[in-house]
Amino acid sequence: MIVDVSSQFSLKRRRFTNIDPMEAEEAKAKLAAAKEKFGREIRVFETSAASSSQTEESITEETDEFFEFTAEDYYRIMNAKKEDKVLKTRKLKEAEQAARRSRITKTVIRVRFPDNHTLEATFHPSETVQSLVDLLTKVVARPELPFYIYTTPPKKQIKDTSQDFYSAGFVPGAIVYFSYNIPKADDASDAKSGPFLQEEIMSLKGLELLTKHAEPVESAPETIPEASPPVVQEKKPAEKKPVKPKWLKL
């Protein structure tokens with residue numbers, strides 16, 4: 001079977017999206033400016049309607065494989081029982097917990113809005129949930145309206161914003177949901193229709209992908225000349241000297 005090497009090179013190049021390097025640099029500059037302004041990394045992307053929870057009572061159906069008892073589950077339970085048998089002092093437990101916390105230096109929080117947009121921001125695990133609320137106050141389109149954040153399922157409003165992300169169980173990352181806290185009798189329909197983020201923040205949408213997929217300009221592949229096979233010199237058989245028979249007498 002004859003394989004065309006040139007066609008293989010062309011197929012590989014088609015898999016990559018050509019992105020203007022100048023456009024990628026502008027995206028990096030915008031993300032850096034947002035990080036400097038808000039003091040943390042921020043990015044915005046859009047999620048599909050299927051993955052976004054719009055209703056307050058959302059039920060996630062799992063497949064049968066999710067409920068299968070695997071060997072990994074068995075060993076995890078056995079290890080947990082062994083750890084329970086070991087008596088640990090309070091100071092030892094606190095030291096182990098502090099060691100685990102010290103190894104984690106970043107947590108990624110994603111805030112999903114009713115219009116299927118997601119705001120992603122990085123925090124230190126020792127920061128409080130109030131720092132997330134403060135960030136949302138700076139980036140939402142209508143900061144004058146009261147709002148709250150919650151987790152789901154089941155829907156649980158986050159009321160204690162004084163606890164840090166580690167204590168709240170938001171390490172190494174978490175997804176929370178945003179909602180305006182206004183009565184239905186008021187002008188709630190306009191607020192819930194969006195947009196939920198400011199135009200400056202919405203301009204960051206998709207910039208992370210530009211910086212990741214940006215590639216330098218490819219130069220033409222160098223053609224390597226085929227090396228000629230080495231010349232093997234044939235060895236001539238060694239000439240045998242004539243041996244005079246013993247019976248021959250001169």
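This tour moves through a predicted model, from its sheet to the core and then to selected points in the loops.

**The sheet**

Begin by selecting the six strands, which form an open sheet of mixed pairing in the order E1-E3-E2-E6-E4-E5. At its edges are strand E1 (42-46) and strand E5 (156-157), each of which pairs on one side only.

Next, select strand E6 (173-180). Six of the eight residues of E6 are buried, and the strand is mostly covered. On one side, E6 runs parallel to strand E2 (107-112), with five bridges joining the two; display Ile109 and Ala174 of E6 to see one residue standing opposite the other. E4 and E6, by contrast, run antiparallel and are joined by four bridges. Here Tyr148 has Ser179 in E6 as its bridge partner.

Continue outward to strand E4 (residues 147-151) and E5, an antiparallel pair joined by two bridges. Tyr150 is the residue to select here, as it stands opposite Gln157 in E5.

**The helix across the sheet**

Now add helix H5 (residues 129-139). H5 lies across E1, E2, E3, E4 and E6, and runs at about 130° to E4.

**The nonpolar core**

Which residues touch the most other members of the largest nonpolar core? They are Ile109, Phe113, Leu132, Leu136 and Phe178, within a core of 37 residues. Helix H2 (21-38), E1, E2, E3, H5, E4, E6 and helix H9 (207-213) each supply at least two residues of this core. The largest share, six residues, comes from H5.

Centre the view on Phe178. Beyond its neighbours within four places in sequence, Phe178 is in contact with residues including Val111, Phe113, Leu136, Val140, Phe147 and Phe196. Tyr148 and Tyr150, already visited in E4, are also among the contacts of Phe178.

**Backbone features in the loops**

Most residues other than glycine have a negative phi, and most peptide bonds are trans. Three places in this model merit inspection in that light.

- Select Pro153 and Pro154: the peptide bond joining them is cis, with omega about -15°. Pro154 is placed in the loop between E4 and E5.
- Select Val171 and Pro172: the peptide bond from the former to the latter is also cis, with omega near 5°. Pro172 belongs to the loop between helix H6 (165-168) and E6.
- Select Asn116, in the loop between E2 and E3. Its phi is near 70°, a positive value in a residue other than glycine.

Is Asn116 buried or exposed? Asn116 is buried, because its relative accessible area is 16%, under the 20% cut-off.

Terms used. Residues numbered from 1 in each chain as written. Predicted model: local features only at pLDDT ≥ 70, side-chain atom pairs only at ≥ 80, totals over all residues. Heavy atoms only, no water. Pairing = 2+ DSSP bridges. Contact = heavy atoms within 4.5 Å. Axes fitted to C-alpha atoms, helices over the stretch in contact; angles between N-to-C directions. Buried < 20%, exposed > 50% of the residue type's maximum accessible area, 1.4 Å probe, protein only. Core = buried A, V, L, I, M, F, W, Y, C linked by side-chain atoms within 4.5 Å.
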